[in-house]
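Here are my notes on the model you passed along. Have it open while you read.

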Amino acid sequence: MATSGVYLHPLAAEELRLFEQRFPGHRGKKAVDAGCGTGDFTRYLYASGMDVTGIDWSPSSITLARQATPCPLPYVIHDLSLGDPPGLIARSVDLVVCRQTVSLLDDPDAFLYRVRTNWLRAGGQLYLSEVRATDHEARTLRGGMTEQHLARLGDGWAHATRYDLTSQRVACVILRSPAS
Ligand SMILES: C[S@@+](CC[C@H](N)C(=O)[O-])C[C@H]1O[C@@H](n2cnc3c(N)ncnc32)[C@H](O)[C@@H]1O
């Protein structure tokens, strides 16, 4: 998909507006784009002034991300289902972005737990966007989250906020890690 340029759920202007409203002034903050694909959003975070690392398990996507980046950004090839990425400094990240990737992982809840306990600093935030899937779609397709799954994403987090886009069948969820 990456090499053919096919992308199923392109970033909507509505989602970008929401992100900009919710995360103003993140200049200099440390961010990770988990499941960064070809790095479109990673480059956006970088252009916003963040110190960002992109992570994806697809070597071809990471190659394209590296080629597209005007100045060298750190990209890591890593399977997010296999634990924390190499080089991660525990509890150092201000913002983890994970667009349309959590639902593709073998154990989404284990990944969310690791982000909360190992990646984010106290009070750090995780931004997720996921296609809102019906029960049937969740059983038969890969990707997308059911209402039941979306409803319990906030378990264990200090604060959870959800926004449903009107232009796409996508839910955006912001989770804040406990303050200490
Ligand atoms: C739908 S794409 C989203 C790409 C990107 N987040 C964006 O918004 O443009 C899902 C991405 O998750 C990556 N991915 C899926 N499973 C993964 C895993 N276990 N570890 C790391 N990346 C994974 C895929 O390679 C793909 O780049």
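The points below go through the sheet, the helix on it and the ligand site.

1. A caveat to begin with: this is a predicted model, so please read everything here in that light.

2. The sheet is open and has 7 strands, with mixed pairing and the order 3-2-1-4-5-7-6. Strand 3 (75-77) and strand 6 (159-164) are at the edges; each has a single partner strand, so one side of each lacks a neighbour in the sheet. On average, and ignoring direction, neighbouring strands are turned by 15 degrees against each other.

3. Have a look at the pairing of strand 5 with strand 7 (residues 170-176). These two run antiparallel and are joined by 7 bridges. One position to click on is L128, which sits opposite V173 in strand 7. Helix 4 packs on this sheet, where it touches strand 1, strand 4 and strand 5, and its direction makes about 155 degrees with that of strand 5.

4. Which residues of helix 4 are buried? In this helix (residues 108-119) they are P108, F111, L112, V115, R116 and W119. Viewed down the helix axis, the buried residues fall within an arc of 130 degrees, so they line one face of helix 4. What they pack against is strand 1 (30-34), strand 4 (93-99) and strand 5 (120-131). I'd check R116 by eye, as a charged residue on the buried list.

5. Now the ligand. There are 17 residues around it, and G35, G37, W57, L80 and R99 come nearest. By type, the shell divides into 6 nonpolar, 7 polar and 4 charged residues.

Note on methods:
Residues are numbered from 1 along each chain as its sequence is written. This is a predicted model: local features need pLDDT of at least 70, side-chain atom pairs count only at pLDDT 80 or more; totals for chains, interfaces and linings use all residues. A residue is buried if 20 or more other C-beta atoms lie within 10 Å of its own, exposed if 12 or fewer, and partly exposed in between; C-beta atoms are placed from the backbone. Helices (H or I, at least four residues) and strands (E, at least two) are DSSP runs, numbered from the N terminus. The arc is that of the directions from the helix axis to the C-beta atoms. Two residues are in contact if their C-beta atoms, placed from the backbone, lie within 7 Å. A residue is near a molecule or strand if its C-beta atom, placed from the backbone, lies within 6 Å of it. Two strands pair if DSSP finds at least two bridges between them. Axes are lines fitted to C-alpha atoms, for helices over the stretch in contact, and angles run from 0 to 180 degrees between N-to-C directions.
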